[in-house]
Amino acid sequence: MGEIRTPQEMLGQLISFNTISALSNKDMIKFIADYLAGHGINSSTGGNEDGTKADLIATIGPNVEGGLVLSGHTDVVPVEGQDWHTDPFEMVEVGGRIYGRGTSDMKGFIAVVLALVPEILALPLVKPLHFVFSYDEEVGCLGAPGLIARLMRDKPKPRAAIIGEPTSMKLVNAHKGITAFETRVIGKPGHSSQPHKGVNAIAVAADCIRFLQDRAGSFEAGEGPRDERFEPSHTTVSIGTIIGGTANNIIAGECAFTWDVRAVVQRKVSGSERRSMPIAIMFCCPLCGGFHPKPTLFPKNLPMSRR
Ligand SMILES: [Zn+2]
C-alpha cells in the first residue's frame, strides 16, 4: 500500500524542493515517481539534453484513446529581491493562507492530483488519466514540446488536457499570442562634450521606445481587435529590459532593449492588419552620422495568424 498524504501535506513536500527554473527539478520528479511507484503506478521520465531537468508521464486506467491529461509544470519563478517574510521553500500557514513558492503556480495543482491517487485508483475508470509534469515552463515552456512528443508517441491519444495553472477558478482556454524582440541600436561614440560629432545610441533607443509606447497607447485607445476573454482585452506592447552606454562622458555607442507584443487575434489576419503591427526599425545613417527614425514593418511574416 502506498503513502497516503493530504493535499496540504503533499504541497508542503513539493514546495520543499527548490525548483526555480535555474536549478534542477530532478529531486522533485524522483519523489513523484517513487510516490507513484508506491501505489503501483509506473511512470516514465524524459528530460533536457544535458540531463539537468526531468519530466514525467504516468497513466492510471485502461490503455485506450480518449483519456484526460492532468498536467502541470514543476519549476517555479525565482524568489530573489522579493519581500518574503518566511522561507519560500518551506510551506507555512498564516491566517488561513498557505505561503510558499509555487503554492498556486503550480505545485498546488500537482499536489492535489498526487494526493488523490488512492481515490483515483479505486475508481472503475473506462478511460485513462494521464499525469504529465513538465520542466522549464517559467522560462518559455522549453520542456513542453519534447514532453508532448513523448506523450503522443507513448500513449493512446488523449481527448483533452487540464493544465492546472492558477486562473482564479475560471476556465481559460485561449491565450494571447506573444512575440519577444531584442532591439539593438548601434550609434557613433565620442566625447560627451561634443555630442554633435557622434550619435547617441541611448537617445535613439529612447525614440524607439517612445514609438513603441505610442503604439501601445493606440492599442489601448481602441486600435486593433479586442477579445473580452483577456485582461486587458487589447494587444499590449511592453518594454522589458534596457542596457547601454559605457560612461557618463562618452556618447553611448550601443544600446539594447527587449520588448514583447502580446497580440489579440480573433481570426486570420489580413495583410493590412499585419502591417499595423507595432514593429519599429530605426537606423543611424552611416553617411551623415545622424539617425533617421523610420518606423517600418518587420518581420514580414509574423506568426500572428495562428491562434
Ligand atoms: Zn504556472
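1. A word on pairing before anything else: two strands count as paired if DSSP finds at least two bridges between them. With that in hand, take β3 and β7, which run parallel and are joined by four bridges. One of the matches there is Leu68, whose bridge partner in β7 is Ala160. Keep in mind that this is a predicted model.

2. Now the overall picture. The protein chain has seven helices and 12 strands. It comes to 307 residues, and 27% of them count as buried. Take the contacts between residues at least 6 apart in sequence: 71% of these join residues at least 24 apart.

3. The β3/β7 pair belongs to an open sheet of five strands. Reading across, the order is β1-β2-β6-β3-β7, and the pairing is mixed. At the edges sit β1 (43-47) and β7, each of which pairs on one side only. On average, neighbouring strands in this sheet are turned by 20 degrees against each other, with direction ignored.

4. What does β6 (residues 129-134) pair with in that sheet, and in which sense? With β2 (residues 54-60) the sense is antiparallel, over five bridges. With β3 (residues 68-73) β6 runs parallel, and six bridges join the two. If you want residues to click on, Ile57 has Val132 as its bridge partner in β6, while Val69 stands opposite His130 of β6.

5. Staying with β6, how many of its residues are buried? The count is six of six, so the strand is described as mostly covered. Split by face, Leu129, Phe131 and Phe133 point to one side, with His130, Val132 and Ser134 on the other, and both sets are buried. The two residues named above as partners, Val132 and His130, are both in the second of those sets.

6. The other sheet to look at has three strands and is also open. Its order is β8-β10-β9, and here the pairing is antiparallel. β8 (177-186) and β9 (236-244) are the edge strands with a single partner each, so one side of each has no neighbour in the sheet. The average turn between neighbouring strands here is 15 degrees, again ignoring direction.

7. Within this sheet, β8 and β10 (residues 254-263) pair in the antiparallel sense over 10 bridges. As a reference point, Ala180 has Asp260 as its bridge partner in β10. Helix α6 (residues 201-221) lies across β8, β9 and β10, and runs at about 170 degrees to β9.

8. On to helix packing. Helices α1 (residues 7-15) and α3 (residues 107-115) pack with their axes 8 Å apart, at an angle of about 130 degrees. Parallel, antiparallel, perpendicular or oblique? The angle is not over 145, the cut-off for roughly antiparallel, and lies outside the 65 to 115 range for roughly perpendicular, so α1 and α3 are oblique to each other. Their crossing is right-handed.

9. Which residues make that contact? From α1 they are Pro7, Met10, Leu11, Leu14 and Ile15; from α3 they are Lys107, Gly108, Ile110, Ala111, Val112, Leu114 and Ala115. By type, the contact of α1 with α3 divides into 10 nonpolar residues, one polar and one charged.

10. Two peptide bonds deserve a look before you run anything on the model. The bond joining Asp105 and Met106 is cis, with omega about -10 degrees. Met106 lies in the loop between β5 (97-99) and α3. The bond from Glu231 to Pro232 is cis as well, with omega near -5 degrees. Pro232 is placed in the loop between α6 and β9.

11. Two residues that are not glycine have a positive phi. Asp136 comes in at about 60 degrees, and Ser168 at about 55 degrees. Asp136 is in the loop between β6 and α5 (144-154), whereas Ser168 is in the loop between β7 (160-163) and β8. Buried or exposed? Asp136 counts as buried because it has 20 C-beta neighbours inside 10 Å, and 20 is where the buried class begins. Ser168 counts as exposed because it has 6 such neighbours.

Notes
Residues are numbered from 1 along each chain as its sequence is written. This is a predicted model: local features need pLDDT of at least 70, side-chain atom pairs count only at pLDDT 80 or more; totals for chains, interfaces and linings use all residues. Axes are lines fitted to C-alpha atoms, for helices over the stretch in contact, and angles run from 0 to 180 degrees between N-to-C directions. Angles under 35 degrees count as roughly parallel, over 145 as roughly antiparallel, 65 to 115 as roughly perpendicular and the rest as oblique. A crossing is left-handed if the near helix is turned anticlockwise from the far one by less than a right angle, and right-handed if clockwise. Two residues are in contact if their C-beta atoms, placed from the backbone, lie within 7 Å. Ala, Val, Leu, Ile, Met, Phe, Trp, Tyr, Cys and Pro count as nonpolar, Asp, Glu, Lys and Arg as charged, and the others, Gly among them, as polar. A residue is buried if 20 or more other C-beta atoms lie within 10 Å of its own, exposed if 12 or fewer, and partly exposed in between; C-beta atoms are placed from the backbone.
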